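Me: I'm new to this structure and would love a close look at a single part of it. Could you set the scene first and then walk me through that part?

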Amino acid sequence: MNGLDLQGLQQGLGVAAGPLQTWVLPALLGLGLASATGLRTFLPLLMLALAARFGLFGIQLNDQMAWLADWPAIAALGVAAVVEFTGDKVPVVDHGLNVLGAFTRPVAGAVAAGSVFTALDPTTAAIAGVIVGAPAAFAFNAAQGGARLTSTATTGGVGNPVLSLIEDVLAFLTVTLAFLAPILVPVLLIVLAVVVFRLANRMRTRLYAREGVTGPGTRSV
């Protein structure tokens, strides 16, 4: 029979939607959440818990991580997020949080990413969370640490609270975009990488100029 086979097309789309819903979209959502945890440990988890609690953006958690949406967990995450937000604006404390974050943020990234693989069994979801979430969180935490050290060297730490506030906004926007359009997360991460790279280069240039250096290893005369 000539013409469009609607039933066959629908079946084909259903087959394609299986891996998309099971793997691709959760991986992109988890990547966005984990990247944000590289900047703030608790804010992304708090936003994830609230979204799951109130059914926002269609966010659901797998069964083994459903406790995140319970009120005691939300309250604890809220307190931790406020403490982190405040402490990160204090010189010296912010560096301590970043050093601690090298250990805690990959864990938070793995938890956040693994919790959104709702169609997988607990073990597979946990493994997927580690693979997707831990490296992303660690990479962003490392980039944050480098930016903080350069900011401290160029501004004496005065610019760190401003940089911290920018990171707060970036973490919030990254999670929001991951909720609204996870397919755009890779584009956002590329843009963020370019911005961070250019910002780091600009701050290094200021540091070289302050120390009377025209480039790495080259003294001005």
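Reply: Seven helices and two strands make up the secondary structure of the chain in this predicted model. Following the sequence, you meet them in the order α-α-α-α-α-α-α-β-β. Of the 221 residues in the chain, 40% are buried. Among contacts with a separation of 6 or more, 71% join residues 24 or more positions apart. The chain exposes about 11900 Å², with 73% of that supplied by carbon and sulfur atoms.

Now for the close look, at helix H5, which covers residues 122-155. Let's begin at its N-terminal end, which is capped by Asp-121. A side-chain oxygen of Asp-121 lies 3.2 Å from the backbone nitrogen of Thr-123.

Next comes the length. H5 has 34 residues, so at 1.5 Å a residue it should span 50 Å. The C-alpha atoms at its ends are 47 Å apart, which agrees with that expectation. Along the way, H5 bends by about 30° at Val-130. After the helix comes Gly-156, with a positive phi near 70°.

For a second stop, visit Thr-41, in the loop between helix H1 (6-37) and helix H2 (43-54). Thr-41 has a relative accessible area of 5%, so it counts as buried, the cut-off being under 20%. Leaving aside residues up to four places away in sequence, Thr-41 touches Glu-84, Thr-104, Arg-105 and Ala-108. With Arg-105 there is also a polar contact of 3.0 Å, joining the side chains of the two residues.

Definitions and conventions
Residues numbered from 1 in each chain as written. Predicted model: local features only at pLDDT ≥ 70, side-chain atom pairs only at ≥ 80, totals over all residues. Heavy atoms only, no water. Helix = DSSP H or I, 4+ residues; strand = E, 2+ residues; numbered from the N terminus. Buried < 20%, exposed > 50% of the residue type's maximum accessible area, 1.4 Å probe, protein only. Polar contact = N/O pair within 3.5 Å; in protein donor to acceptor, adjacent residues only side chain to side chain. Contact = heavy atoms within 4.5 Å. Expected span 1.5 Å × (residues − 1). Bend = angle between axes of the 7 residues up to and from the residue. Areas by Shrake-Rupley, 256 points an atom, 1.4 Å probe, with all protein chains shown as cover.
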